[in-house]
Amino acid sequence: MASQVLVAANRGPLSYALAADGTLSARRGGGGLVSGLSTALAEQPGALWICAALSDADREAVRRGVAEPGVRMLPIDPDVYDGAYNGIANSVLWFLHHHLYEIPREPVFDAEFRRRWDAYVTYNEAFAAACAEEAAEGAAVLIQDYHLALAPGMLRELRPDLRIGHFTHTPWASPEFLRMLPDDIRSQLVWGMLGADRLGFHTETWGMNFVSGVDGSGNGTAVAHFARGGNPSSVTHRKDTDGPGPLRETVVDTYPLGVDADELRGLAHRPEVDDKLAALRAEVGDLKTIVRVDRTELSKNILRGLLAYRELLISHPEWRERVVHLASAYPSRQDLTVYREYTESVRELAAAINTEFGTADWQPVLVSVEDDFARSLAAYRLADVALVNPVRDGMNLVAKEIPVVSEAGCVLVLSTGAGAYEELRADALTVNPYDVTATAEALHAALSMPAAERADRTKRLAVAATALPPTQWLTSQLDALRT
Ligand code: G6P
């Protein structure tokens, strides 16, 4: 049966594991996007989630026709998938949107890049075709993220009747960064996005970057209309190939994803988390804790966070043997050399700090490289200070989760680079992510903050963090698409 509501995203709500005896089992997919969307989508009857088969086990599940209701996995050819996901989405678009390039060496747009771009086009075509096939007349389709920036335009060509939305969970590159792309590629990217009726971003800054970047992107006329303070911005446009006719409009709006307080508190008080909390308490005793939880992701700025902690121990030696830094940095995108090297650098720097300052009774940094959500929730409950210092981040849900779950109140040290900064800055201690000394001083101020002030700030942070929980985040986008 054709669906009225569709979501298209690289990752699905589940993934498969293939046992040695050939049995397939389904488990919940990873990543922040998945957790938010799964709950929200469950409330939309008959909704369909279209995702890529990510592994051999997923492809095997598709081959055997194993199907979970409400999910369609696309068995994309592994080479095409690698080119699109590792080659373009994670190595080019992620780097552009997060401003991560080390300019003397990168980016390099050569023949190999073109080959990968072709894979990215094929991957986007597969999603557009599947959406076109599954959508009921006039259905709403919500396409997610930089993996699928071309799909809105492709889907518009196939099914002009649909209401198409696209949401970007990352920042959007500033216009100067976007202009690094070869002109024809930038044009495909911008016009792919403009195929949507509505584009969503977590913050006004990221939306503004998109609108500012459409100028001069070839292939047609695109006029930016900026609005600040409440009203959405928009782009009116017409492709040269469409001939004369009215301009189409793409509305650019912000939907700052928040957390569902009841759901998160429920998860944080499961017996499994209580056990992890008891284990952590036994490990850290009555020392103060500085907690961080990230994927080992270049944009999360884990290395400068460790350098700031090191500087704190030098400039405020009174904290030695009185504080522990709990850093969860769980593996991510380990197919890419630069991510493997970064993970190794995090391990090495943490070990160097432990060697430099550790004593027989005190280990200054405890690094966990496991993807252990229960342990992270236990650390959230225990945290005296939360360190969230990305160089650039679409939203950063950890900054929102910790104040909601924290037991005694927790001071949030938050960088200006996080999307969450726009909503949380009033009650966080804010830092420039590159300024290690200022971050060390913010950690000192956070550790020294009186308990009453800390608790008051945490309450206000929790209110801001829960302003737009996932279900409302999704329904407000669907409502806007349908009007
Ligand atoms: C970012 C993206 C998400 C993605 C997550 C994990 O937050 O916006 O779409 O799910 O990173 O990345 P991965 O490459 O592991 O899916």
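## Briefing: a predicted fold and its inner residues

C51 counts as buried, with a relative accessibility of 0%; buried here means under 20% relative accessible area, exposed means over 50%, and partly exposed is anything in between, using a 1.4 Å probe and protein chains only. Keep in mind that this is a predicted model, where local features need pLDDT of at least 70, side-chain atom pairs count only at pLDDT 80 or more, and totals for chains, interfaces and linings use all residues. Residues are numbered from 1 along each chain as its sequence is written, and side-chain values rest on heavy atoms, with hydrogens and water left out.

**Overall build**

- The protein has 18 helices and 17 strands, both read as DSSP runs numbered from the N terminus: H or I over at least four residues for a helix, E over at least two for a strand.
- Its radius of gyration is 23 Å, which agrees with the value near 23 Å for a compact globule because that is what the rule gives for 483 residues. The radius is taken over C-alpha atoms, and the rule is 2.2 Å times the number of residues to the power 0.38.
- Laid along the principal axes, the C-alpha atoms fill a box of roughly 75 × 55 × 45 Å.
- Of the 483 residues, 57% count as buried.
- Take the contacts (heavy atoms within 4.5 Å) with a separation of 6 or more: 74% of them come from residues 24 or more positions apart.

**Surface and charge**

- About 19600 Å² of the protein is exposed, and carbon and sulfur atoms supply 51% of that area. Accessible areas come from the Shrake-Rupley method with a 1.4 Å probe; for residues, only the protein chains shown count as cover.
- The protein carries 46 positive and 65 negative charges, and the mean positions of the two sets are 2 Å apart. Lys and Arg count as positive and Asp and Glu as negative, while His and the chain ends are not counted. Each charge is placed at NZ of Lys, CZ of Arg, CG of Asp or CD of Glu.

**Cysteines**

- The disulfide count comes to 0, where a disulfide is a pair of cysteine sulfur atoms within 2.5 Å.
- C51 can't pair up because the closest cysteine sulfur, in C131, is 11 Å from its own, too far for a bond.
- C410 also counts as buried, at 3% relative accessibility.

**Helix α2 and its neighbours**

- In helix α2 (residues 56-63), the buried residues are A57, D58, R59, E60 and A61.
- Those buried residues pack against four strands and a helix: β2 (14-18), β3 (24-28), β4 (48-52), β5 (71-74) and α3 (78-97).
- After α2 comes G65, with a positive phi near 75 degrees.

**Backbone spots worth a look**

- E106 and P107 are joined by a cis peptide bond, with omega about 0 degrees. P107 sits in the loop between α3 and α4 (111-134).
- N301 has a positive phi near 65 degrees without being a glycine. N301 is in the loop between β12 (288-295) and α11 (302-315), and it counts as buried at 3% relative accessibility.
- E321 isn't a glycine either, yet its phi is positive at about 65 degrees. Its place is the loop between α11 and β13 (323-330), where E321 is partly exposed, with a relative accessible area of 41%.

**E297 and E344**

- E297 lies in the loop between β12 and α11 and is buried, with a relative accessible area of 0%.
- Leaving out residues up to four places away in sequence, E297 touches W94, L100, I302, R333, Y339 and Y342.
- R228 is 69 residues from E297 along the chain, and their C-alpha atoms are 32 Å apart.
- E344 belongs to helix α12 (residues 337-357) and is partly exposed at 36% relative accessibility.
- E344 and T296 are 48 residues apart along the chain, with their C-alpha atoms separated by 9.6 Å.

**R457**

- R457 is part of helix α17 (residues 451-465) and counts as buried, with a relative accessible area of 17%.
- Setting aside neighbours within four places in sequence, R457 is in contact with A426, D427, A428, L429 and M449.
- V411 is 46 residues from R457 in sequence but 7.5 Å from it in space, C-alpha to C-alpha.
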